[in-house]
Amino acid sequence: MEISLNQEINNSTIKLRQNPQRKKHKVLIGCGAGFGGDRPIAALKLLDGVKGLDYIVLECLAERTLADRWRDVGYGGVGFDPRISEWMIMLLPLAVERGVCIVTNMGAMDPMGAQEKVLEIASSLRLNITVGVAHEVSNDSSASSSPSSGNSYIPEGGISTYLGAAPIVKCLEMYNPHVIITSRVADAALFLGPMVYELGWNWDDLELLAQGTLAGHLLECGCQLTGGYFMHPGDRHRDMSFQHLLEISLPYAEVGYDGEVYVAKPDGSGGVLDFSTCAEQLLYEIGDPSAYITPDVVLDIRNVTFKSFSSSKVLCAGAKASAQSVPEKLLRLVPKDCGWKGWGEISYGGYRCVTRARAAEFLILGCGWMDCSSKRSRLFNLLKSSQLYTLMDQRVAGASGYKKEIVLEKHLVQIHCRVSWLKSLKFIQSISQLFCCIVGHLVERESVFWRTGARSAGTRNIKNQGDPVGVPRRKPVLSKIVSTPSDHDTTFPSNLNLTTETTASIPSGMKVPLYEIAHSRAGDKGNDLNFSVIPHFPGDLERLKKIITPKWVKEALSSVLSPSSFPSAEAINMRDKWVEENVKVEIYEVKGIHSLNVVVRNVLDGGVNCSRRIDRHGKTVSDVILSQQVVLP
């Protein structure tokens, strides 16, 4: 195998493409994975089920998985996603046969190491392919030399900056590879890169970039767009059969050269794709909807609309470039070792289980279970600010703010007491893990560098001549159909009878849980959280705006922020004071979908990599909000 690196190191300032050519009138891009633990078999079904698919994107990287990769490197492991072997063994044969390019950020900290692994797999499968890389390098001088550690390159200090679509476009222009492996590229940019390349867009076509970024944002979470998180048993607005959910399909997008965007799923597949599922995904992990920042364009989504073209296809329109069209700086993530993190769990059930759980809390926080007085004293100072989580039925406990889990019988509850701690002492490191945070800060675009390269699984040398060379990616589509084992009928009716748009509003003065009026989904960014409030009946928005205020949001979330499972009156007062001083709530109206986007700052106990909570992402917050009793005016 011959190696060829593009020795021209690029910084991340915006540089217009020279005479870009339109290669297609429309491009079909599928989402094969929406998170690190996604299912390769679902991607294979999408690859097989969508004829004419051009690209399939495997989006498998987040702050949590990035921290995991850095921790693994510290232990002598690999800096890329180790599941890349599993994915490529399953997808490469059909992707090569169909001429579908795979784009993935599974390179994480070490895209070149991932490239080497994919080439090994291709050789074992007797596939002659080209694997490109598009990744960040530490600086323009050190990056110009060949990597010093064999076929790996990990930037100094594990830095990982959110790159835009330009490195992917350059890789396609130079090598036209079968697979592109990236470092930390913004999720939507993984999809935008192929659009820019195939449709002849340029970096100053801001309205086209906005629509393309909208498509990427909708696709990036995979099956969440097609009903995965939307499904809620027993809710007349969101119910669907388990059978239908079992055969849920990943989505894909059809994007035209003029910026027309459809998101779709294969006809006859499970799940649901409609206004409601698109609206939830639109506001996922969004702050200010008038200025959603991506490396390529700052997006204004306030007037985005969705119109169902069929039961499997939705037209998406209205994305615009914000007033500040392109960000001046990029977000750089730096891993930081923060000591050790461990956890333990004690369960109690049955008669007087609440009292027994309180006794456990006293013993654990008091460290009475340890013999060594010096260790007991040191550990007490360490744990006294920790959180003990008890999940219990509120009706039995007779107290508000506790999390409900299971009612075994009328007076039986199961309680889990969970305690976690940071910077543990040496004698408990054997039951702990290295605790790694990801710290973000903004850097100037010109100080962020990247390069591209490609290698072939065959013997041909890939030369940097400016034209796509090496093994041709596009081949005639063969008639062979990949069969995936299933004991289930995968044909579903086009109408699920879901009531996703209510025709009548809830009467004034009636006290109901919020889920009767709206649906919601929560997302996290660092220590901040957002959740949407999407009314089933659009006319209810104005009435909801009078109820959902910053004060109401803080009160609804106060129980989540309790420092203990059994807070005293003094602890509650301290909690409320802390919330008032530190937790900030911003509420935005999104007129195109008649919804609210609520952003809550400093509410996630430090964020997913730092949090001591069971729900580190804050995913259940949307259900906490929807369970609140409200009275519409």
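Start by selecting His-519: at 1% relative accessibility, His-519 counts as buried (under 20% relative accessible area, with over 50% called exposed and partly exposed in between, using a 1.4 Å probe on protein chains only). You are looking at a predicted model, where local features need pLDDT of at least 70, side-chain atom pairs count only at pLDDT 80 or more, and totals for chains, interfaces and linings use all residues. Residues are numbered from 1 along each chain as its sequence is written, and side-chain values use heavy atoms, with hydrogens and water left out.

His-519 is found in strand E22 (helices are DSSP runs of H or I with at least four residues, strands runs of E with at least two, numbered from the N terminus). Now add Glu-280: its side chain makes a polar contact with the side chain of His-519 at 2.7 Å (a pair of N or O atoms within 3.5 Å; within protein, one must be able to donate a hydrogen and the other to accept it, and residues adjacent in sequence count only if both atoms are side-chain atoms). Leaving aside neighbours within four places in sequence, His-519 is also in contact (heavy atoms within 4.5 Å) with residues including Phe-230, Arg-238, Ser-276 and Leu-626.

Next, select helix H9, residues 275-282: seven of its eight residues are buried, so H9 is largely enclosed by the rest of the structure. Glu-280 and Ser-276 are among the buried ones. Show the elements that the buried residues of H9 pack against, among them helix H7 (206-219), strand E22 (518-519) and strand E24 (528-535).

Finish at Asp-274, which caps the N-terminal end of H9: a side-chain oxygen lies 3.1 Å from the backbone nitrogen of Ser-276.
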